[in-house]
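Student: Could we go through this model together, starting with one chain and then moving on to the contacts between chains?
Tutor: Gladly; let us open it up and begin.

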Amino acid sequence: MSSKGGFTMPKLAIGAVALIALLATPHFLGFHHQDLLIFLTINVLAVCSYRLVTLTGEWSLIHAVMMGVGAYTVALSVNHFDLAIWFTLPLAGTAAGLIAALLCFPLLRMTQFYFLIGSFAAGEAIRLTWVEFVGVFGGTSGLRGVEAPVVWGIDFLDPIPYFYFTLVVVGICLLILYRIEHSRIGLTLHAIHWKAPLAESVGVNAWRYRALAFILGSFFVGIAGGLKVHYLGSVTPNQFTIGFMVFILIWVIVGGYNKFYGPVIGVVVLTIFDESIRSFEVIRPAIYGGMLILSILFLPMGLESIPAKLKSWFGSDSASDEQALSDQ
Amino acid sequence: MGISRRKFIQASAAGTVAASTGFSPLTFASSHDTVKIGMNIPMTGDYAPWGLPGLYGCQIVADNLNASGGVEIGGKKHKIEIVSYDHGYDIEKAVQGYKKMVSQDEADMVMMLGGATVGAVMPWGERKNVFTTTLLCSDITPDTEHLVATCESHPLYVVTGVEWLAKNHPDAKTAVIVTNNDVEYGLQAAATFQAAFEVAGIEVVDMNLHGFDVTDFAPIVSSVLAKNPDIFCMATSFYTTPLMEQLYHQGYKGKVISTTLDYHEEVIAKTSQEFVDGTIHQFPAFDDPKLTEDGINFPDPGGFDAEFRKRHPNDWSAVSWEYPAIMLNWLEGAKAAGSTDSDKVLKALQSNPNPEFVFGGGKWWGKELWGRDNVVIGRWPVVVIEGGKTRIKEFASVSDWLDKHSDVLIKYMKSHGLRTVS
Amino acid sequence: MELFLQSIANGLVQGGFFALFAVGLVLIFGVMGVVNFAHGELVMVGAFTIWLLHAQYGLGYIPAIAVAIVLVTVIGLVMERLLFRPTRADPLAGLICSIGILFILQVIAALIGGDGPSKQVPPPYQGTLVMFESLRIPYQRVFSLAISVAALVSLWFFLTRTRYGWALRAVALDREAAELQGINTNRISMVAIGVGTALAGLAGGLIAPLTNINPHMGHNVIVTAFIVTIVGGVGSLSGAVLAAILYAVFHTLITVYFGATIATISGLVLMVVVLIVKPTGLMGVRVSE
């Protein structure tokens with residue numbers, strides 16, 4: 001549907017309104033909600049990069065730890081070498097990408113359940129390394145005192161400038177991710193997911209493409225981790241546990257992983273929802289869990305599929321036919 | 001150099017920031033007749049025992065003060081209101097809770113447990129001049145002007161426990177240390193215990209630093225007991241109950257020393273009173289007769305203890321009285337300053353060379369190790385469990401030990417890669 | 001040497017406990033193809049039940065264990081009927097549903113017992129079995145080991161000597177073929193999750209007096225369960241038991257001689273190595289693709 005559509009006037013108008021709304025949002029929020037907005041923007045990059053990894057149909061549980069690799073890279077490079085943010089962010093991505101490249105050799109020999117658990121084990125081993133080697137990584141207390149960057153006299157410890165900066169970086173990354181998905185590479189990844197034997201028979205090296213998706217996904221989530229630590233100034237190992245990984249999974253699945261924008265919808269809607277039920281405190285995770293189950297049972301294609309569903313219920317038959325066609 | 005750059009930017013950008021956010025730092029100076037005490041603490045998870053009971057304690061003290069008409073600050077009576085936020089020891093939540101407390105709830109000061117969460121909030125806290133407190137003096141850095149540790153100075157006071165042990169059990173000559181491998185609690189305490197043992201002429205024969213994923217303490221305990229130690233030191237452990245249980249089952253007969261032994265009734269239920277008796281730690285029960293002596297700066301400790309146990313029978317921990325003590329200390333500062341403004345309260349407190357300290361004998365300290373005299377050290381109790389009850393044996397001076405032996409402490413802190421300015 | 005023996009003894013006790021819940025996880029995965037992420041929380045529910053009924057309300061330890069087993073089994077059956085069966089076509093859906101259950105169970109535990117400080121259950125069996133001066137096992141652990149072994153032996157009899165056991169193994173081997181043979185696979189799924197969750201409830205009951213009980217204790221349990229499952233071979237029950245014991249002894253020995261975090265890292269690395277060298281695990285058989 002959106003993948004082939006050109007930039008028509010209504011779409012441009014909607015885009016412009018959305019952009020203005022996005023730029024205006026932080027000015028109407030309190031400090032802690034501005035923080036939430038920044039973390040949300042960073043998490044958008046986390047889920048979109050995760051989707052790239054899952055395009056081949058394999059679900060990994062190491063993505064959160066890769067975000068941590070980026071975060072630790074930034075913390076170390078700022079604290080020891082005082083590098084500027086222009087260098088630290090690409091460095092964060094590269095470090096995560098490199099580790100992913102190394103892990104390809106053991107991990108990508110596995111598929112499905114084995115890959116899920118294998119990636120989890122590898123991630124947990126990396127995370128425990130941060131805990132164990134106190135001298136380098138600060139142990140469970142992590143690293144602190146990472147100074148917020150100052151660029152052209154703008155202090156990024158203040159939420160609004162940093163939000164705009166994050167928006168630009170995440171925007172660029174999303175654009176690249178979108179281009180990748182709609183390039184030959186992306187199409188091949190889809191092909192491996194749905195027709196692996198066929199793809200192999202026409203000479204596609206599935207391993208190489210899976211590796212590419214894994215490395216690129218890790219690269220971008222590494223940048224997300226770097227963005228986070230630059231703002232927060234601290235990093236600890238318990239930010240990147242299986243708990244956070246589960247949230248990435250939930251966002252992607254509830255949002256819907258069949259479309260590029262599905263995970264974005266998931267992370268935005270669930271973050272707002274989560275904040276709106278803050279007053280329930282103790283039972284909040286249960287509400288979250290219940291929603292998760294309901295969406296799996298009744299909305300297996302994710303929130304992203306709601307408009308199409310509504311259309312097919314209320315609209316003409318031709319609309320639903322068109323939808324059915326474009327879904328394929 | 002990073003600091004000066006930041007300072008410069010801060011000065012030049014402050015105006016723009018205030019304009020762009022529609023938010024001036026002056027907003028924080030409260031205009032209400034209520035003082036708002038912020039508690040940004042862990043109430044769930046591993047660290048909950050060192051958060052939640054403190055909130056209970058503060059509510060009791062605040063209720064008492066409010067019932068007597070409130071606190072007079074600047075010629076006006078103020079009621080006390082407590083605003084709390086559970087960060088579950090997650091740094092992202094800690095930062096959000098801290099900002100919410102200060103900007104939305106207009107808290108006049110914020111009390112925190114300490115560690116990574118304090119490290120994460122302080123850059124912003126310094127920017128907004130938020131009076132913030134910690135229980136860990138290792139959180140103090142040269143940059144943290146508004147961060148003070150006015151009650152607990154973890155882990156400096158543990159030297160008094162070791163001193164008492166060496167004096168009263170001169171035959172105990174070897175020790176093992178088993179504690180968590182986190183920096184702020186485990187390693188800081190381990191280094192301080194090592195220093196204290198060295199000064200006392202006790203040899204540390206084995207040390208086991210473990211993570212938070214341990215479900216079975218049997219192997220850890222049997223590996224250190226194989227060294228036949230006279231003293232088993234738990235430093236600042238989150239797992240005192242399972243460690244004590246294993247010591248009991250593995251037939252350990254020597255002395256046990258710890259920073260604290262929270263919920264020791266549970267330990268007795270899992271082992272025996274006979275076994276737990278004699279354990280040395282540093283956190284008294286507040287029905288202790290020694291707390292009614294002169295020089296104790298806590299209003300009616302016995303009444304506080306009784307009320308706490310009435311409201312929350314099973315929740316007394318090391319921090320139950322500490323957050324209230326910090327709150328009272330801040331209120332003293334606010335009274336003296338006639339204002340709740342962070343800088344004025346801080347100045348009022350720090351201008352007193354002999355600050356009021358909960359166990360007396362207070363003095364400002366910390367520059368030698370962390371670059372700022374923002375820690376109050378004073379007399380600290382050594383307690384021993386006797387007949388199933390925690391009883392104070394003596395109050396000992398932490399500063400006397402530090403005056404003589406701070407070089408030994410610095411040596412061990414460096415050996416663990418812990419930050420010091422010297 | 002004494003330390004070594006003591007460590008082996010500690011490892012065996014731990015291994016029995018690991019085996020109980022790993023076998024349940026394998027059973028559910030084998031028959032239903034679902035990775036039950038909430039398995040650790042089922043152990044937690046078992047332990048919480050003991051805390052509530054035994055430590056708080058004074059019910060006997062053994063009756064409390066019985067209640068824990070029944071309660072956890074019921075939760076398992078409800079999960080199968082309402083969640084896993086409707087989502088059978090998509091294995092990922094089952095996994096996500098179990099994560100939802102995980103959150104809900106944690107909250108229920110927190111509402112009942114509070115999410116603050118961990119709970120403790122005084123051991124019903126006091127005292128220590130002293131084999132010789134430096135080899136000591138608390139009676140509570142002896143009891144735990146004995147019950148684990150008894151439960152595993154009963155499971156073995158059930159699987160090899162009863163009709164349901166045979167049917168269950170047949171479904172695990174090849175679901176479609178079993179269906180063609182006239183086996184009611186839905187009923188067998190109920191049996192599998194019933195047995196698997198009952199074992200988790202029992203494991204919770206046995207661990208309760210030995211550990212810190214809190215709503216989040218399931219996390220460490222599930223990590224261990226994954227390692228044991230992979231090392232043993234995903235579809236293999238005997239592999240899971242063997243791996244549970246080997247892993248527990250391995251973990252205990254590394255903890256004693258090198259430290260606890262190193263032990264966990266080594267366990268994870270061991271698991272990745274097994275996945276590379278012998279993806280079918282110690283006792284696993286290659287499943288046709």
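Tutor: This is a predicted model, and a good place to enter is chain B, which is divided into domain 1, made of 31–154 + 301–377, and domain 2, made of 158–281 + 380–415.

Student: How far apart are the C-alpha centres of domain 1 and domain 2 of chain B?
Tutor: The C-alpha centres of those two domains of chain B lie 27 Å apart, and their contact takes 16 residues from domain 1 and 15 residues from domain 2.

Student: Which elements on the domain 1 side of chain B give two or more residues to that contact?
Tutor: On the side of domain 1 of chain B that touches domain 2, those elements are strand E12 (363–365) and helix H14 (367–370) of chain B. By class, that side of domain 1 has seven nonpolar, six polar and three charged residues.

Student: Ok, on to the sheet in chain B. What is the strand order?
Tutor: Six strands of chain B form an open sheet in the order E2-E3-E1-E4-E5-E6, with mixed pairing. The edges are strand E2 (71–73) and strand E6 (147–148) of chain B, each of which pairs on one side only.

Student: Mixed how? Which way do E2(B) and E3(B) run, parallel or antiparallel?
Tutor: E2(B) and strand E3 (residues 76–86) of chain B run antiparallel and are joined by three bridges, with B:Val71 standing opposite B:His78 in E3(B). By contrast, E1(B) and E3(B) run parallel and are joined by eight bridges; within that pairing, B:Ile37 has B:Ile82 in E3(B) as its bridge partner.

Student: And what about the hairpin of E2(B) and E3(B), how many residues lie between the strands?
Tutor: There are two residues between the strands of that hairpin, and in it B:Gly74 takes a positive phi near 60°.

Student: Which strands does helix H3 of chain B lie across?
Tutor: Helix H3 (residues 91–104) of chain B lies across strand E1 (34–41), E3 and strand E4 (109–112) of chain B, and runs at about 175° to E1(B). Helix H12 (residues 322–337) of chain B also packs on the sheet, where H12(B) touches E1, E2, E4 and strand E5 (132–133) of chain B, and the direction of H12(B) makes about 40° with that of E2(B).

Student: Switching to chain C: at what angle do H1(C) and H5(C) pack?
Tutor: Helix H1 (residues 2–32) and helix H5 (residues 139–161) of chain C pack at an angle of about 40°, with their axes 9 Å apart. That angle makes H1(C) oblique to H5(C), and H1(C) passes H5(C) in a left-handed crossing.

Student: Which residues make that contact between H1(C) and H5(C)?
Tutor: From H1(C) they include C:Leu12, C:Gly16, C:Phe17 and C:Leu20, and from H5(C) they include C:Arg141, C:Ser148, C:Val149 and C:Leu152. By class, the contact of H1(C) with H5(C) has eleven nonpolar, three polar and one charged residues.

Student: Now between chains. How many residues of chain C are in contact with chain A?
Tutor: There are 34 residues of chain C in contact with 32 residues of chain A. Helix H4 (91–113), helix H9 (218–232) and helix H11 (260–277) of chain C each supply at least two residues of that side of chain C, and H4(C) gives the most, with 14 residues.

Student: What's the class make-up on the chain C side there?
Tutor: The residues of the side of chain C that touches chain A divide into 28 nonpolar, five polar and one charged.

Student: And the contact of chain B with chain C?
Tutor: That contact takes 29 residues from chain B and 25 residues from chain C. On the side of chain B that touches chain C, the largest share, five residues, comes from H7(B), and by class that side has twelve nonpolar, 13 polar and four charged residues.

Student: How is H7(B) placed against H10(C), then?
Tutor: The axes of helix H7 (residues 218–225) of chain B and helix H10 (residues 237–258) of chain C come within 8 Å and cross at roughly 40°, so H7(B) and H10(C) are oblique to each other. Their crossing is right-handed.

Student: Which residues meet there?
Tutor: B:Pro219, B:Ile220, B:Ser222 and B:Ser223 in H7(B) meet C:Thr252, C:Thr255 and C:Val256 in H10(C). By class, that contact of H7(B) with H10(C) has three nonpolar, four polar and no charged residues.

Notes: Residues are numbered from 1 along each chain as its sequence is written. Chains are lettered from A and ligands numbered from 1 in the order in which they are written. This is a predicted model: local features need pLDDT of at least 70, side-chain atom pairs count only at pLDDT 80 or more; totals for chains, interfaces and linings use all residues. Axes are lines fitted to C-alpha atoms, for helices over the stretch in contact, and angles run from 0 to 180 degrees between N-to-C directions. Helices (H or I, at least four residues) and strands (E, at least two) are DSSP runs, numbered from the N terminus. Angles under 35 degrees count as roughly parallel, over 145 as roughly antiparallel, 65 to 115 as roughly perpendicular and the rest as oblique. A crossing is left-handed if the near helix is turned anticlockwise from the far one by less than a right angle, and right-handed if clockwise. Two residues are in contact if their C-beta atoms, placed from the backbone, lie within 7 Å. Ala, Val, Leu, Ile, Met, Phe, Trp, Tyr, Cys and Pro count as nonpolar, Asp, Glu, Lys and Arg as charged, and the others, Gly among them, as polar. Two strands pair if DSSP finds at least two bridges between them. Domain bounds come from an automatic or database domain assignment.
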